[in-house]
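Below are some notes for a colleague on how the elements of this model are arranged. Please read them with the structure open.

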Amino acid sequence: MSKFCQNCGNMTEDNATFCDKCGKPFEVSAAPQYEAPAKPEASAASQYEAPAAPQYDAPAAPQYEAPQYAAPRYGTATAVAEKKNPLQACLSFIKEKKALVIGGAVILVLVIVLIAILGSCASNSPKGVLQKIYEKAKVMDMRGAVDFYYDFNFNPDIDKEAQLKEIEEELKEYQGMVDLYKTMMKKTKLEIISDKKLDDDEVNSLKDSWSSSFKDTDKISEIHELTYKITGLENMGGSDSEDTCYAVKVGGKWYIKGWDALGIM
């Protein structure tokens with residue numbers, strides 16, 4: 001490749017340093033200087049400030065104050081006066097125990113009342129009153145049994161107390177047989193098979209039929225027909241058999257009618 005002299009226009013070799021015609025030196029063009037792009041300034045590292053640790057104020061240790069004990073004073077009149085009166089201590093003890101005794105007695109009374117109420121509730125039903133009179137009769141508790149027996153309580157021709165005394169006298173004459181009877185009755189059991197509540201027509205019919213022989217029939221509010229069986233009678237030479245009786249409600253209390261209490265009444 002050739003280049004021209006800027007002075008005379010002579011064409012020379014490209015690598016000539018001066019014109020071979022006029023002798024004028026060529027200007028050597030300086031090689032272009034390459035400037036590397038300036039490196040971007042590194043961004044300053046973000047400064048992380050750790051949160052300050054929480055300041056924990058430990059609770060102040062509890063201050064324990066030792067109890068102050070007064071030294072006993074001996075040999076003085078004051079020391080004698082400050083001694084606890086033995087009689088007073090005894091009276092205090094009695095009062096405390098009295099409160100416990102009274103509290104215990106109250107609880108005992110409440111328990112007894114509760115048992116009585118529960119027992120009353122158990123017998124104050126058609127099935128309950130039949131079970132009750134059966135339990136009384138099987139141990140020959142005649143006075144307990146007649147309390148639930150309709151005839152003894154509402155038949156005006158029966159002197160309840162006189163009749164009871166007569167029964168008790170008879171039982172005394174046959175005490176040996178009575179004891180044997182009670183022993184054998186321990187093995188018996190009452191089973192109530194059915195409990196049928198009579199309707200109003202049936203109740204009124206029975207009330208009319210009883211009114212000529214019994215008092216207070218107008219106070220009868222409910223009648224049930226109970227079918228029952230007593231098992232274990234083979235010990236007495238008998239056999240199990242079903243029978244019926246009435247449970248009659250008079251003035252809120254139940255009575256049994258039409259059952260002979262195992263044939264002893």
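1. In this predicted model, the buried residues of helix α6 are Leu164, Ile167 and Leu171. Viewed along the axis of α6, these buried residues fall within an arc of 65°, so they line one face of the helix. That spacing agrees with a general rule: an α-helix has 3.6 residues a turn, so residues three or four places apart point the same way.

2. The buried residues of α6 pack against α4 (142-146), α5 (150-154) and α7 (175-185), whereas Lys172 and Glu173, on the other side of α6, are exposed.

3. As for its geometry, α6 comprises 14 residues (160-173) and spans 20 Å from its first C-alpha to its last, close to the 20 Å expected at 1.5 Å a residue.

4. Turning to the sheet, four strands form an open, antiparallel arrangement in the order β3-β4-β5-β6. Strands β3 (189-197) and β6 (253-257) stand at the edges with a single partner strand each, so one side of each has no neighbour in the sheet. On average, and ignoring direction, neighbouring strands are turned by 30° against each other.

5. Within this sheet, β4 (residues 220-231) and β5 (residues 242-250) pair in the antiparallel sense over nine bridges, and Ile223 has Val248 in β5 as its bridge partner.

6. Two helices should be examined together with the sheet. Helix α3 (residues 126-138) lies across β3, β4, β5 and β6 and runs at about 150° to β3, while helix α8 (residues 200-210) packs on the sheet, touching β3, β4, β5 and β6, with its direction at about 90° to that of β4.

Conventions. Residues are numbered from 1 along each chain as its sequence is written. This is a predicted model: local features need pLDDT of at least 70, side-chain atom pairs count only at pLDDT 80 or more; totals for chains, interfaces and linings use all residues. Side-chain values use heavy atoms; hydrogens and water are left out. Two strands pair if DSSP finds at least two bridges between them. Axes are lines fitted to C-alpha atoms, for helices over the stretch in contact, and angles run from 0 to 180 degrees between N-to-C directions. Contact means heavy atoms within 4.5 Å. The expected span of a helix is 1.5 Å times one less than its number of residues. Buried means under 20% relative accessible area, exposed over 50%, partly exposed in between (1.4 Å probe, protein chains only). The arc is that of the directions from the helix axis to the C-beta atoms.
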